Amino acid sequence: MATSRTDPLTLEVVELIGTVVARYYEEYEQAAARHALTGAQARVLGLLALDPLPMRHIAQKLRCEPSNITGIVDRLEARGLVERRPDPDDRRVKLAVPTDEGLDTARRLRDSLGFAREPLGELTETERTLLRDLLKRMLGVDVA
């Protein structure tokens, strides 16, 4: 039996997800500001700390215009946190790559985000796995 999108439980879950997102966003912005970064700069730096990417791919992952990413990368580059390098697989493409200072800043930023990490730490591994799988399912991501 399909659940109505307006049943009380669904409405409560939607409200709780909204509250979690708002609190995470607020903490993320505050943490970024402590490192003299905007939230957008911090998100790009955090993404690049995982894997150097072309600007087009950063824009796709963050669901924004490539021209916005170019400006963000320009500002990160001016601060010595990111540099542009030719893609070894296609020298016509430039990758945005974090510098050592950029990697250190991304690590310190990530370590300062207690809101998401602390409550998750109170869940068992089984509960965290279930939550991850449910979130992936909600997003239409394969749960393999």
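Biologist: How many helices and strands does the chain have?

Modeller: This is a predicted model, in which local features need pLDDT of at least 70, side-chain atom pairs count only at pLDDT 80 or more, and totals for chains, interfaces and linings use all residues. Residues are numbered from 1 along each chain as its sequence is written, and side-chain values use heavy atoms, with hydrogens and water left out. Helices (H or I, at least four residues) and strands (E, at least two) are DSSP runs numbered from the N terminus. Along the sequence the pattern reads α-α-β-α-α-β-β-α-α-α, and the chain has seven helices and three strands.

Biologist: Which helices each supply at least two residues of the nonpolar patch?

Modeller: Patches join nonpolar side chains (Val, Leu, Ile, Met, Phe, Trp, Tyr) within 5 Å, or like charges within 9 Å, using residues with over 30% relative accessible area and no salt bridge, that is, no side-chain nitrogen of Lys or Arg within 4 Å of a carboxyl oxygen of Asp or Glu. The nonpolar one covers about 880 Å² (Shrake-Rupley method, 1.4 Å probe, only the protein chains shown counting as cover for residues), and its members include Leu9, Val13, Leu131 and Leu135. At least two residues each come from α1 (8-34) and α7 (125-139).

Biologist: Is leucine 131 buried, partly exposed or exposed?

Modeller: Leucine 131 lies in helix α7. Buried means under 20% relative accessible area and exposed over 50%, with partly exposed in between (1.4 Å probe, protein chains only). Because its relative accessibility is 34%, leucine 131 counts as partly exposed.
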